[in-house]
Amino acid sequence: MKTIEIKHLWKEYGDNIVLEDLNLSVKAGEFVTLVGTSGCGKTTFLKLLLGIETVTRGKILLDDEPLVDEPDATRGIVFQRYSSFPHLNVVENVMLGEEFESSPLFGRSFGKKRQAIRERAIKILKRVGLGDAIDKYPSELSGGMQQRLAIAQALIKNPSILLLDEPFGALDPGIRADMHELILDIWKETKLTIFMITHDLKEGFHLGTRLLVFDKRRHDPDQPNRYGATITYDIPVEKTDNETLDEITGSMSNKKQEATL
Amino acid sequence: MKRLINQHPRRIGKILLGLIPFLLILGVYSFASNERLEINPNDKLMPAFSTMADSMHRMMFEPSKRSGEYLFWTDTSSSLKRLGLGVAISAFISLVVGIFLGIIPKIRAGVAPLITAVSLIPPLAILPILFIIFGLGEVSKVMLIVLGITPFLIRDTQLRVMELPEEQIIKAQTLGANSWQVITRVVLPQILPKLIDALRLSLGSAWLFLIAAEAISSTSGLGYRIFLVRRYLSMDVILPYVVWIAILAFAADYLLRRLSRSAFPWQITATREAK
Ligand SMILES: Nc1ncnc2c1ncn2[C@@H]1O[C@H](COP(=O)(O)OP(=O)(O)OP(=O)(O)O)[C@@H](O)[C@H]1O
Ligand SMILES: [Mg+2]
């Protein structure tokens, strides 16, 4: 199990300060949702956690160890799209993670081993509701099914942290509700730590244990890149009520107006 | 009326539409050839279809007086061997080099400038060097094809690899893949059909280099024959040979396309080409 400790994290791209002085401590098993205006650095934050971007200043500690700065099997990811491999069918997509482990040279398994991996993959696929689609290619799946596949793919590696970048952003509201159920159930069963970015504040309130709002504390209308975003609200989800929801909504739209002025 | 871009011919209609330009060309040729032969029966420039058929019959089914070979088939097989070997070697080199260039930044930094520089050299300009190094035999002809099309194929493969969504490469790593596994299980299978597409495009150049090499030094081959009989103005041989080359090129393209579709069924079937 992993606790995550972030201390005085800054992320800059050249002159563009994206994140400034961000502090956060997340216990193992929390379900954290991230909201914030477009371009405020949510994806950047997830990339830092994943290890595909490096911090400019500050530290990210996983169980008191500095974070490994390249992706590995402890941190699973589901992107908004392109998360599965088009040349493999559904069950092969899920088997892949196990096959990498079982055969370092070819990343392919054969015989009994393959059969065992396949059965595990099918079990996970049934769990996410894709039991009937195991022989299809990803391009033959609907958007919701593709995201289910991406989740199944990540689950076979038993990651301790699962990162989701607007995983349901492109889905219809009805399908989105189903996906919420699914991700909540999986979270309860596996007790993994989840970070999920969403554009939908209500989604953030409905899911998870903790809601983080990313925003700029200070704002310079002439130099929008002068100040970075940080966590302006950090709310346990049980404590949320409509008043807080309105407050956050207000704060976000205020900032947007300022930015356009 | 639907827009023109949405009007699709039916299957039969499509074939007929495709045939019309060919029939027109044949008709025009036949007419012009007749006209010329009427004025001068010894005219060699536009031989009648019957003359061409006679010459081809001789080259296909009668052993040559000098060597006892059936020239047409010897020429065809020599040319196809050279072409096939050259294209196969190029495909293999560009697959390996292109993938490594595309996926491993350090190799890219070290080798890409060299490939760019080499690709700027006109291959025909180094043909004499090839003849000096490899002699006038088969090797230099195959090498010319390889040198001619490999730089393009390498660069194309590299670009296709770099076009793979970053998400996929990252995802594979979060599934525990090492660099080699990313190459063998994620990159290679997705690049093979792209390589076949690139091969289809480079076949034209491959033929060009083959014929150029054969024209300069050879004892058999389609290009050799065309340039040999040119001395006697034998249009009755040249024209059928050119058509035959076109047919072979078309067949190669068709076979590659079929191979790509049947070997990689996961490719999106909804491309416009499929209609
Ligand atoms: N590789 C990069 N190089 C330079 N600037 C970048 C890079 N990636 C992101 N940025 C900048 O960082 C800022 C934050 O981008 P990010 O993608 O994290 O936003 P986001 O909060 O995920 O937005 P959205 O909700 O629209 O997805 C943007 O101003 C963007 O221009
Ligand atoms: Mg984003």
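**Exercise 1. Find which residues are around ligand 1, and how they divide by character.**

Step 1. Start at the ligand in this predicted model. Around ligand 1 you will find A:Tyr13, A:Asn16, A:Val18, A:Ser38, A:Gly39, A:Cys40, A:Gly41, A:Lys42, A:Thr43, A:Thr44, A:Glu166 and A:His199.

Step 2. Now sort this shell by character: three residues are nonpolar, seven are polar and two are charged.

Step 3. Next, look at the elements that supply them. Strand S2 (16–26) and helix H1 (42–50) of chain A each give at least two residues to the shell. H1(A) makes the largest contribution, with three residues.

**Exercise 2. Work out which atoms of the protein lie opposite oxygen atoms of ligand 1.**

Step 1. Begin with the backbone: a polar backbone atom of A:Gly39 is 2.8 Å from an oxygen atom of the ligand.

Step 2. Turn to the side chains. An N or O atom in the side chain of A:Lys42 is 2.7 Å from an oxygen atom of ligand 1. For the side chain of A:His199, the distance from an N or O atom to a ligand oxygen is 3.2 Å.

Step 3. Finish with the surface: on its own, ligand 1 exposes 640 Å², and the protein buries 62% of that.

**Exercise 3. Trace the strand pairings of S4(A).**

Step 1. Strand S4 (residues 57–62) pairs with strand S1 (residues 4–13) of chain A, antiparallel, through five bridges. To locate this pairing, find A:Lys7, whose bridge partner in S4(A) is A:Lys59.

Step 2. S4(A) also runs antiparallel to strand S5 (residues 65–66) of chain A, joined by two bridges. Here A:Leu61 has A:Pro66 as its bridge partner in S5(A).

Step 3. Look at the hairpin that S4(A) and S5(A) form: two residues sit between the strands, and A:Asp63 takes a positive phi near 50 degrees.

**Exercise 4. Describe how chain A is divided into domains.**

Step 1. Mark the bounds: domain 1 covers 4–82 + 157–260, and domain 2 covers 83–148.

Step 2. Compare their positions: taken over C-alpha atoms, the centres of the two domains of chain A are separated by 28 Å.

Step 3. Examine the contact between them, to which domain 1 gives 16 residues and domain 2 gives 12 residues.

Key
Residues numbered from 1 in each chain as written. Chains lettered and ligands numbered in written order. Predicted model: local features only at pLDDT ≥ 70, side-chain atom pairs only at ≥ 80, totals over all residues. Heavy atoms only, no water. Pairing = 2+ DSSP bridges. Helix = DSSP H or I, 4+ residues; strand = E, 2+ residues; numbered from the N terminus. Near = heavy atom within 4 Å. Polar contact = N/O pair within 3.5 Å; in protein donor to acceptor, adjacent residues only side chain to side chain. Areas by Shrake-Rupley, 256 points an atom, 1.4 Å probe, with all protein chains shown as cover. Nonpolar A, V, L, I, M, F, W, Y, C, P; charged D, E, K, R; others polar. Domains from an automatic or database assignment. Contact = heavy atoms within 4.5 Å.
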